[in-house]
Amino acid sequence: MTSIANSFITSAPVDPTISKTDGIVTNTITAVCNKGPVPVPKDLDDLVRLLHIELGTSGLDSEDVDVERVQQLMANYKSNMRDWKKYALFDKGRYTRNLVDDGNGKFNLMILAWPETTGSAIHDHSGSHCLMKILDGRLQETLYHWPDKVINESDNPDSGMGSDNSDDEEKEKDAAMKIKKETILKRNKVAYMHDKLGLHAVSNPLKSKGAISLHLYTPPYETCKTFNERSSKARSSGKCVFFSDKGEKIDACRSKEYTKCSLTNV
Ligand SMILES: N[C@@H](CS(=O)O)C(=O)O
Ligand SMILES: [Fe+2]
């Protein structure tokens, strides 16, 4: 098993009989491990079944997840609208989080529906592994460096931005979040994200088409930190709730909690 610490620094020797890199965008995936070839899911239900097998024992231990293998498994699933249509529920003006499977508490698999030009706030992932596959449309992922020091907005509420003094403008520039990389992800691509790689914000760049993505988080998380792009200050996202569960809209999504989540309300 490959630990997360070195998964993305070294690439294992490629076995041509099992290597299948189509769909992988962020890293070289060789899928070499002691568990045999990575299976090809027949459909989304089959992917869920196979994820339970992959993560059934290791999903909770963040250090112990064979990320390359899980990423390959997600890449091996070919997006088919018939599989995911019932989960792809849109809301106006913000992206929705639609739970597909709760992984018996070991992972969350969800489908995110992104209306035209909507996006997420800059955020971390509370130490979880995040795999994101594009099912339809495209998404832009902007990767940021962590701020040198994480300062919470509430720590110093008086230090506001926005002066016309040029010294202040310089300070403001220094304080802003620094971009590391920008990537456009197309249908069937799979990206990996973890706090060890930085922070990210995701958006649908298209003005005339929604986007759908499939996200796997292990272990699952309910809250994370969001970051102000100009000041780099952090705040708790509030509870990251679901818009629907197994294709059924959750009434509570209209609650205060839903509208207060700073991850989706940007
Ligand atoms: N991590 C985000 C989606 S994305 O912007 O990566 C979420 O859990 O809603
Ligand atoms: Fe994210």
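Trainee: Before I start counting, what are the helices and strands here?
Mentor: They are DSSP runs, with at least four residues for a helix and at least two for a strand, numbered from the N terminus. Keep in mind that this is a predicted model.

Trainee: Okay, how many helices and strands are there in the protein chain?
Mentor: The protein chain has 13 strands and six helices.

Trainee: And how much of the chain is buried?
Mentor: Of the 266 residues in the protein chain, 49% are buried. As for the outside, about 13,000 Å² is exposed, and carbon and sulfur atoms supply 49% of that.

Trainee: What share of the contacts links residues 24 or more positions apart?
Mentor: If you take contacts in the protein chain with a separation of 6 or more, 78% are between residues 24 or more positions apart.

Trainee: Let's go to the metal. Which residues are the protein donors of the iron ion (ligand 2)?
Mentor: H123, H125 and H200 are, each through its NE2 atom, and they lie 2.1 to 2.2 Å from the iron ion. Along the chain, the donors follow the spacing H-x1-H-x74-H.

Trainee: What does UniProt list for "binding site"?
Mentor: An unreviewed UniProt entry gives H123, H125 and H200 under that heading. These residues are spread over 78 residues of sequence, yet they cluster in space, with a largest C-alpha distance of 9.1 Å.

Trainee: Which of these residues does the lining of the largest cavity include?
Mentor: The lining includes H123 and H200.

Trainee: Tell me about H125. Where is it found?
Mentor: H125 is in the loop between β3 (122-123) and β4.

Trainee: Is H125 buried or exposed?
Mentor: H125 counts as buried because its relative accessibility is 0%, and the cut-off for buried is under 20%. H123 is buried as well.

Trainee: What is H125 in contact with, besides its sequence neighbours?
Mentor: Leaving out anything within four places in sequence, H125 is in contact with C130, M193, D195, H200, Y217 and Y221. H200 is also one of the iron donors.

Trainee: New topic: how many residues are in the largest nonpolar core?
Mentor: It has 29 residues, and L51, I111 and L216 have the most contacts inside it. The elements giving two or more residues to this core are α2 (44-55), α3 (67-76), β2 (108-114), β4 (129-136), β7 (190-193) and β9 (211-218).

Trainee: Which element gives the most to this core?
Mentor: That's α2, with six residues. Another core, of 22 residues, lies apart from this one, and its members include L99, V202, C240 and F242.

Trainee: You mentioned L216. What does it touch?
Mentor: Setting aside neighbours within four places in sequence, L216 is in contact with L51, L55, V70, M74, F107, N108, L109, H129, C130 and L131.

Trainee: V70 and M74 sound like α3. Why is α3 largely enclosed by the rest of the structure?
Mentor: Ten of the ten residues of α3 are buried, so the rest of the structure largely encloses this helix. V70 and M74 are among those buried residues, and so are E68 and R69.

Trainee: Last one: where does L135 lie?
Mentor: L135 is in strand β4, and it is buried, with a relative accessible area of 0%.

Trainee: And what does L135 touch?
Mentor: Not counting residues up to four places away in sequence, L135 touches Y77, S79, W84, I111, R187, I212, S213 and L214. You could also look at V190, 55 residues away along the chain from L135, where the C-alpha atoms of the two are separated by 9.6 Å.

Conventions
Residues are numbered from 1 along each chain as its sequence is written. Chains are lettered from A and ligands numbered from 1 in the order in which they are written. This is a predicted model: local features need pLDDT of at least 70, side-chain atom pairs count only at pLDDT 80 or more; totals for chains, interfaces and linings use all residues. Side-chain values use heavy atoms; hydrogens and water are left out. Donors are N, O and S atoms within 2.8 Å of the metal (3.2 Å for Na, K and Ca); water is not among the atoms, so sites may look incomplete. Buried means under 20% relative accessible area, exposed over 50%, partly exposed in between (1.4 Å probe, protein chains only). Contact means heavy atoms within 4.5 Å. Accessible areas come from the Shrake-Rupley method with a 1.4 Å probe; for residues, only the protein chains shown count as cover. A nonpolar core is a set of buried Ala, Val, Leu, Ile, Met, Phe, Trp, Tyr and Cys residues joined through side-chain atoms within 4.5 Å. UniProt positions are given in the numbering used here, feature names are shortened, and annotations may be inferred rather than shown by experiment. On a 1 Å grid over the protein atoms alone, a cavity is a set of points where a 1.4 Å probe fits but cannot get out, and a pocket is an open set with protein on both sides within 12 Å along at least five of seven lines; lining residues have an atom within 4 Å of a point.
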